[in-house]
Amino acid sequence: MVQSPYHLPVMADEVVAQLRPVSPRLIVDATYGGGGHTQALLEAFPELRVVAIDQDPDAIAQGPAGDAVRLIKANFATLDQIAEEICQEETADGTPCIDGFLFDIGVSSHQLDEPERGFSYRRRGPVDMRMDRDAELGADTIVNEWPVDDIADILWRYGEERMARRVARAIVAARPITDTEQLADVVAESLPAAVRRRKHPAKKVFQAIRIAVNDELGSLELGLEAAIRWTRPGGRVLVIAYHSLEDRIVKRRFAAGTAGCECPPDFPVCTCGRVAELRLPVRKPLRPTPAEIATNPRARSALLRVVEKVDS
Ligand SMILES: C[S@@+](CC[C@H](N)C(=O)[O-])C[C@H]1O[C@@H](n2cnc3c(N)ncnc32)[C@H](O)[C@@H]1O
């Protein structure tokens with residue numbers, strides 16, 4: 001496989017292996033990025049067609065990874081509409097028709113490494129962090145305009161930053177904050193020396209602001225719901241998450257779908273009528289191998305969860 005300098009695909013072998021039992025002919029890659037997963041899938045399944053989605057114009061500008069790829073600039077929060085249109089085209093009656101969905105969520109190496117995008121606390125750039133450069137809300141609005149309580153709230157919820165209020169106050173006091181280096185310094189200086197010595201002090205704060213700017217958790221919930229809806233019976237949904245907040249959403253939604261009859265155990269027959277819509281082909285999340293982590297340290301925190309739509 002030709003490796004794109006844009007982004008190294010994470011757990012590509014595991015993704016292919018989890019889709020092989022489905023014999024896929026039509027897959028939606030909801031997070032195209034550098035196209036690494038799409039390319040691996042096309043190599044593994046020669047008859048495959050891929051509908052690839054990304055909200056970042058930089059990802060779209062690279063062009064599709066081959067003739068079998070249709071590239072769409074969109075947020076996967078709108079996946080329900082996109083998948084419905086695909087299945088209207090693919091089937092006579094618009095029934096769920098997708099063999100597999102892949103979400104490799106979070107930011108790409110390209111986004112992290114380009115200082116201009118403002119995602120990195122290690123590189124000086126504008127305080128931006130929008131994956132979709134056409135979106136209205138940028139990180140500059142949050143740090144320079146939001147009330148202290150709202151900033152503290154996102155640092156606590158999305159960064160799990162224990163000193164959220166203290167950091168939020170420091171951000172507000174330092175206004176205007178004009179670049180990412182200044183933001184990282186303000187955060188570091190607001191924290192006690194003992195905290196500063198562990199990890200990078202601004203990591204959690206940048207993560208929290210990024211999640212808020214891109215409404216990452218809200219989009220994931222909507223995207224997942226749509227994927228489950230438009231997967232054909234026997235098809236699979238795969239999600240690679242990189243932190244616990246994302247993974248928790250995936251785990252809970254998959255678990256909810258696998259729950260069947262909820263009648264008390266002493267009922268002779270089911271009266272609630274509830275049947276499981278999903279099954280878990282692998283119970284625990286899959287992790288990258290040590291060899292992959294050695295060549296691509298950004299794979300370190302990846303967790304791949306897989307769910308299969310039950311034949312109805
Ligand atoms: C980790 S990268 C994917 C890399 C890709 N799998 C590859 O192998 O090159 C995540 C990509 O998903 C995109 N993305 C994240 N959230 C999105 C969303 N809600 N809608 C559409 N694209 C999204 C980002 O712009 C980024 O390009």
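# Notebook: two domains, two cores and a ligand

**Entry 1, the domains.** I began with the overall layout and found the protein divided into domain 1 (12-109 + 216-309) and domain 2 (136-213). I noted at once that I am looking at a predicted model. Next I asked how far apart the domain centres are, taken over C-alpha atoms. The answer I wrote down is 32 Å between domain 1 and domain 2. I then looked up who touches whom: 9 residues of domain 1 are in contact with 6 residues of domain 2.

**Entry 2, the cores.** Which residues have the most contacts inside the largest nonpolar core? I listed Ile98, Phe101, Phe103, Leu155, Leu183, Ile209 and Val237, in a core of 67 residues. I was pleased to see that this core draws at least three residues from each of domain 1 and domain 2. There is also a second, separate core of 24 residues, and I found Val16, Leu41, Phe45 and Leu238 among its members.

**Entry 3, a closer look at Leu183.** I picked Leu183 from my list and set aside its neighbours within four places in sequence. What remains in contact with Leu183 is Val127, Met129, Val143, Ile171, Ile177, Phe206 and Ile209. Ile209 was a familiar name, as I had already written it down with Leu183 among the core residues with the most contacts.

**Entry 4, around the ligand.** How many residues surround the ligand? I found 24, the closest being His37, Asp54, Phe76, Asp104 and Gln111. Sorting this shell by class gave me 8 nonpolar, 13 polar and 3 charged residues.

**Entry 5, polar contacts of the ligand.** I started with His37, where an N or O atom of the side chain is 2.8 Å from a nitrogen atom of the ligand. Asn75 places a polar side-chain atom 2.9 Å from a ligand nitrogen atom. For Tyr32 I looked to the backbone: one of its polar atoms there is 3.5 Å from an oxygen atom of the ligand. Last, I checked how much of the ligand is covered: on its own it has 600 Å² of accessible area, and the protein covers 98% of that.

Key:
Residues numbered from 1 in each chain as written. Predicted model: local features only at pLDDT ≥ 70, side-chain atom pairs only at ≥ 80, totals over all residues. Heavy atoms only, no water. Core = buried A, V, L, I, M, F, W, Y, C linked by side-chain atoms within 4.5 Å. Buried < 20%, exposed > 50% of the residue type's maximum accessible area, 1.4 Å probe, protein only. Domains from an automatic or database assignment. Contact = heavy atoms within 4.5 Å. Near = heavy atom within 4 Å. Polar contact = N/O pair within 3.5 Å; in protein donor to acceptor, adjacent residues only side chain to side chain. Areas by Shrake-Rupley, 256 points an atom, 1.4 Å probe, with all protein chains shown as cover. Nonpolar A, V, L, I, M, F, W, Y, C, P; charged D, E, K, R; others polar.
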